[in-house]
Amino acid sequence: MSHKPRPKSKILGAGHYMPPRVVTNGDLATKYGIETTDEWIQQRSGIRERHFADEGVTNSDLAAEASKRALEAAGVGREEVDCILFATLSPDHEFPGSGCFLQAKLGVPGIPAMDIRNQCSGFIYALSVADGLIQTGRYKRILVVGSEIHSRGIDLSTRGRDVAVLFGDGAGAVIVAPAEEDEDRGIYSVHLHADGSYAKELWTEAPGCALHPSRITRQMIEDGKIYPSMNGKLVFLHAVRKMPEVMLEALEYNGMKVSDLDLFVPHQANIRINEAVGKALGLPEEKVVNTIAGFGNTTAATIPIGLSEAVRQGRLRPGSLVGLAAFGSGFTWASALVRW
Ligand code: UT7
């Protein structure tokens, strides 16, 4: 069904923050003792290095820095923020949500703070919630953050190397506000999907309340059940199919074509996935934003980081039509179409 685009909400600005410590592929082999090589990691994933947060720095610390930068880019004071949506799979603690820790760090008490747990699709899911909340008329300046500290949740040993070498720490944020009546700029649509029958193909089993009689055992820790496990090939196959499909769904919904896109900001899991997705869509390379070489996979943070980097590089300008697409654990997948 085609639909005449009339955005109800818009993104006022984006910011990101990467913790300063850089860990190269070589460091994973020499400093962490993982049996891997720079060549294997670059060939299979396109990653050269990633950032790891230092001891004492938390996910909500990264998020606070990214939020300050997004507020500055948007020209919005922190006291104007009236809602926080925090997408992450690596929260500071089991509960409360990291949104509450971020709210305290930003010094904006009283406003709602909600965590969104949809992993690699988490930022687009959060954007959809923001768009819906703006449409209720009750919120005017929503802070949407994607932030992760993976370096403490992956198995940084040879046993976990298939997953561990892919992930990094980082945060990105945007400010979402109502669009004016006659404005062309804004979020045209967000499309969300999930298929829970694949939930265990990319997941962390423990700790969890599905486990009886306690949420975790010493044996589970020893067996590495506290780390993510991934059926890499299956995830890859689904990602290269679903990301183009969901981007085309967005374009069709808005009566637009791939050639209308000025920029495409995909989730960053693997350069080979993004090349395949770009090719399937028929997008020239210069329209695809890739940050994976320097940052690795930062899950919910990849898309706001990509937006912020694209602005910094002058590739995303006022009036640009940008497509966003993600695929990941759940399985979940999602897209958004935005006039910047
Ligand atoms: O954001 C969440 C979504 N995640 C994704 O989208 C990731 C999707 N999957 C992928 O990107 C790829 O499947 C991987 C990068 C994870 C793996 O690439 P692959 O080409 O599918 O490699 P593979 O799993 O077939 O592994 C090939 C070999 C294996 O050895 P054998 O069995 O062929 O002897 C692995 O044991 O490479 C070995 N291997 C490694 N070698 C060096 C696995 N990890 C490593 C490593 N260093 N880090």
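## A tour of the salt bridges and the two domains

This structure holds 13 salt bridges, and the model you have open is a predicted one. Side chains of opposite charge can pair when their charged atoms come close. Let's visit some of these pairs.

**Stop 1: glutamate 183 and lysine 10.** Select both residues and show their side chains. Their closest N and O atoms are 3.1 Å apart, and the two form a salt bridge. Glutamate 183 sits in the loop between E7 and strand E8 (186-194), while lysine 10 belongs to strand E1, so this pair ties together parts that are 173 residues apart in sequence. Are these two residues buried or exposed? Both glutamate 183 and lysine 10 are buried.

**Stop 2: lysine 105 and aspartate 61.** Move on to this salt bridge, where the closest N and O atoms are 2.9 Å apart. Colour helix H4 (residues 98-106) to find lysine 105, then helix H3 (residues 59-74) to find aspartate 61; the pair ties together parts that are 44 residues apart in sequence. Turn on the surface and you can compare the partners: lysine 105 is partly exposed at 37% relative accessibility, and aspartate 61 is also partly exposed, at 23%. While side chains are showing, add Glu180 to Lys10 and Glu183: salt bridges with shared partners join these three into one network.

**Stop 3: aspartate 27 and lysine 31.** Here the side chains meet in a salt bridge at 3.6 Å, N to O. Which partner is buried, and which is exposed? Aspartate 27 counts as buried because its relative accessibility is 14%, under the 20% cut-off. Lysine 31, with a relative accessible area of 64%, is exposed.

**Stop 4: the two domains.** Zoom out and give residues 9-178 (domain 1) one colour and residues 186-339 (domain 2) another. Their centres, taken over C-alpha atoms, are 14 Å apart. Domain 1 brings 50 residues to the contact and domain 2 brings 47. Between them the domains bury about 3700 Å², with 64% of that on carbon and sulfur atoms.

**Stop 5: across the interface.** How many salt bridges cross between domain 1 and domain 2? The rule finds 1. Next, look for polar contacts: 17 residue pairs make them between the two domains. On the domain 1 side, the elements that supply at least two residues each include strand E1 (9-17), helix H5 (122-135) and strand E7 (170-178). The residues on that side divide into 19 nonpolar, 19 polar and 12 charged.

Definitions and conventions:
Residues are numbered from 1 along each chain as its sequence is written. This is a predicted model: local features need pLDDT of at least 70, side-chain atom pairs count only at pLDDT 80 or more; totals for chains, interfaces and linings use all residues. Side-chain values use heavy atoms; hydrogens and water are left out. Domain bounds come from an automatic or database domain assignment. Contact means heavy atoms within 4.5 Å. Buried area is the accessible area (1.4 Å probe) that two parts lose on being put together, summed over both. A salt bridge is a side-chain nitrogen of Lys or Arg within 4 Å of a carboxyl oxygen of Asp or Glu. A polar contact is a pair of N or O atoms within 3.5 Å; within protein, one must be able to donate a hydrogen and the other to accept it, and residues adjacent in sequence count only if both atoms are side-chain atoms. Helices (H or I, at least four residues) and strands (E, at least two) are DSSP runs, numbered from the N terminus. Ala, Val, Leu, Ile, Met, Phe, Trp, Tyr, Cys and Pro count as nonpolar, Asp, Glu, Lys and Arg as charged, and the others, Gly among them, as polar. Buried means under 20% relative accessible area, exposed over 50%, partly exposed in between (1.4 Å probe, protein chains only).
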